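Please find below a note on the structure under review. It is arranged as numbered points, each of which may be read on its own.

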Amino acid sequence: MADKYAMYIDASKCMACRGCQVACKQWNDNLGYVPGVRETRNVGTYENPPSLDPQTWTRIKFTEYDDPDRGFQWLFLKEGCMHCTEAACVDVCPTTALKYGPHGIITFELELCNGCGYCSQFCPFQVPQMEVFNRLTGEAKSSKCVFCQDRTTNGLTPACVKTCPAGALDWGEQDAMISKAEARVNKLKTDLGFPKAMVYGKTELGGLGRIYALTAPAEEYGLPKDPKYPATSTLWQKVCQPVGGIALTAVTLGAFFVYLVSRRHVDMEEVE
Amino acid sequence: MRVKIKGSKEDGGSIHIRWIPKYTFLERLGHWVHASTYIPLAITGFMIFAPWLKHMTHGSAGQSFRLLHRVFAIVLALMPIIYALVEPRRLLMHLKENFTFTREDIGWLKAAVPYYVLGQHVDMPPQPRFNTGERLNAVAIIIGTVAFGLTGFVMWFGRGYVSPMLFQLAVIVHDLAAIITFAMFIVHFFLAVVHPLMWQSLVSMRYGVISESYAREHHAMWYYGEDRARELWEEHKAENGH
């Protein structure tokens, strides 16, 4: 895609300092540790917080990986919205809070979101996180990484890219990021001894907004091997709703037509 | 009750109608509770369906409409449950009546087209208390309501607890139930309220009565009893040389 921008993520350079998590929270005004309100607890891993949440739009996922060639190692994966070229969340969002924005970013407007949660359920990566204020009334808001749309549409890089001290992140046109990832994966394979290194995000869902250079197969990082645009979204949005709309229109018009015909034929004086 | 009809010669320009009871008070109450909750549910539900209504779902307005949707849904769901507690045997009778279809229903469907479209009084096979069309409507509504309830429960409380696939299927089934029941609603509204031949339907849903002649003609198995109705139907067919 010509105008699409992407984030380059070099998993081999990431040292899991989590500076990106901090920069993300700082720029987007998201909460970190708040005593009594938002606390974290040790669950036996360096990973923190344990998953993406409404206030954590990006996070380093830690995976202990026993590589058959190289022995034990950590795999560090920068998680967050993939900004798919074919985004199911945009299609199922009834409010247009989720839209295709400039540079192929999936933008999010908090004021438009009504908290239905369809995005969180149809996303092939389960990225959008729901802040549920009241389960009974359905008061909720979705949230996800928006590639710092206020920065990137003004010529800056996302906050996480800006802060990364290891140089593991980059931001630019998707094609350039793919070339960069491919070059890096070649180097990892030939010079640095990672025979199973691979690029992730080049073709998945029309090309992702995150281009990963990984040192191990994507499944080992917990990424879906072959993510697909959900068939249920196609069935719902492209089949059920248009066909249903046509059917209901046809029934209404049919009833009106029958009314016009029957009015001429029914002799009310004979009806009891 | 006397209905004045222009041009009737006998009885000084009026005809005499003998009304016989068909619906109990609770049946009529149930009908109107269902109608007055289904319509707002359909309106709030179609907001995410119809492109020209989609702006109503934005932000806090959408949240409020969803809350209304849930309040009406609870009332709609409670009605049959309460009815089942008050009149369990009658509810079972309704279910049995409405889920029984025979070969005669095909004959009814064939005769229904000229009857409702052209007003021709074609011979219709004798029908029980609910005719084929009413039973089809009831079956669609009963199955649709159960589907609405189950999938709505998943969408309300299940998010985050059930697998995304189950949630996605719940959304689709809810959608299909809406399309099918709303198509039925259009037909039902048209036949009951708009259609000139069916002028009695609003009377019967308000006062619970229908005219004797309508019962004899359209619900013979209920009026005469099943055996006598079949006998008369056979005689009638023999007379007309079928």
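The points that follow concern a predicted model and take up chain B, its contact with chain A, and then selected features of chain A.

1. Overall make-up of chain B. The secondary structure of chain B consists of 10 helices and 4 strands. Read from the N terminus, the order of these elements is β-β-β-α-α-α-α-α-α-α-β-α-α-α. The C-alpha trace of chain B extends over about 70 × 40 × 35 Å along its principal axes.

2. Burial and contact range in chain B. Chain B has 242 residues, of which 22% count as buried. If one takes the contacts in chain B between residues at least 6 apart in sequence, 57% of them join residues at least 24 apart.

3. The contact between the chains. On the side of chain B, 42 residues are in contact with 39 residues of chain A. Two or more residues each are supplied to this side of chain B by helix H2 (59-86), helix H4 (104-118), helix H6 (164-194) and helix H8 (212-218) of chain B. H6(B) contributes the most, with 15 residues. By residue class, the side of chain B that touches chain A comprises 26 nonpolar, 11 polar and 5 charged residues.

4. Helix H10 of chain B. Helix H10 of chain B covers residues 226-239, a run of 14 residues. From first C-alpha to last, H10(B) reaches 20 Å, close to the 20 Å expected at 1.5 Å a residue. How many of the 14 residues of H10(B) are buried? The count is 1, and H10(B) is accordingly described as hardly covered.

5. The largest nonpolar core. This core has 66 residues, and those with the most contacts inside it are A:Ala11, A:Cys89, A:Leu169, A:Ile211 and A:Tyr212. Strand S1 of chain A (residues 5-10) provides the largest share of the core, 5 residues. When residues up to four places away in sequence are left out, A:Tyr212 touches A:Ile9, A:Ala11, A:Ala181, A:Val199, A:Tyr200 and A:Gly201.

6. Helix H7 of chain A. Helix H7 of chain A runs over residues 231-265 and has 35 residues. The distance from its first C-alpha to its last is 48 Å, close to the 51 Å expected at 1.5 Å a residue. H7(A) nevertheless has a kink of about 30° at A:Cys240, shortly before the proline A:Pro242.

7. Burial along H7(A). Which residues of H7(A) are buried? They are A:Thr232, A:Ser233, A:Trp236, A:Cys240 and A:Leu248. A:Cys240 is thus both a buried residue and the site of the kink. The cover over the buried residues of H7(A) includes helix H2 (88-92) and helix H3 (118-122) of chain A, together with H6 of chain B. As background, an α-helix has 3.6 residues a turn, so residues three or four places apart point the same way.

8. The hairpin in chain A. Strand S2 (residues 59-67) and strand S3 (residues 71-79) of chain A run antiparallel and are joined by 9 bridges. S2(A) and S3(A) form a hairpin, with 3 residues between them. One of the pairings places A:Lys61 opposite A:Leu77, its bridge partner in S3(A).

9. A cis peptide bond. The bond between A:Asn48 and A:Pro49 is cis, with omega of about -5°. A:Pro49 belongs to the loop between helix H1 (19-27) and S2 of chain A.

10. Positive phi outside glycine. A:Ala16 has a positive phi, near 60°, although the residue is not a glycine. A:Ala16 is placed in the loop between S1 and H1 of chain A. A:Leu205, likewise not a glycine, has a positive phi of about 45°. The location of A:Leu205 is the loop between strand S9 (198-200) and strand S10 (210-214) of chain A. Are these residues buried or partly exposed? A:Ala16 has 19 other C-beta atoms within 10 Å and is therefore partly exposed, since burial requires 20 or more. A:Leu205 is partly exposed because 19 other C-beta atoms lie within 10 Å.

11. A contact distant in sequence. A:Ala23 is a residue of helix H1 of chain A. It counts as partly exposed because it has 19 C-beta neighbours inside 10 Å. The C-alpha atoms of A:Ala23 and A:Thr163 are separated by 6.6 Å, while the two residues are 140 residues apart along the chain. Not counting residues up to four places away in sequence, A:Ala23 touches A:Ala159, A:Cys160, A:Lys162 and A:Thr163.

Note on methods. Residues numbered from 1 in each chain as written. Chains lettered and ligands numbered in written order. Predicted model: local features only at pLDDT ≥ 70, side-chain atom pairs only at ≥ 80, totals over all residues. Buried ≥ 20, exposed ≤ 12 C-beta atoms within 10 Å, placed from the backbone. Contact = placed C-beta atoms within 7 Å. Nonpolar A, V, L, I, M, F, W, Y, C, P; charged D, E, K, R; others polar. Core = buried A, V, L, I, M, F, W, Y, C linked by C-beta atoms within 7 Å. Expected span 1.5 Å × (residues − 1). Bend = angle between axes of the 7 residues up to and from the residue. Pairing = 2+ DSSP bridges.
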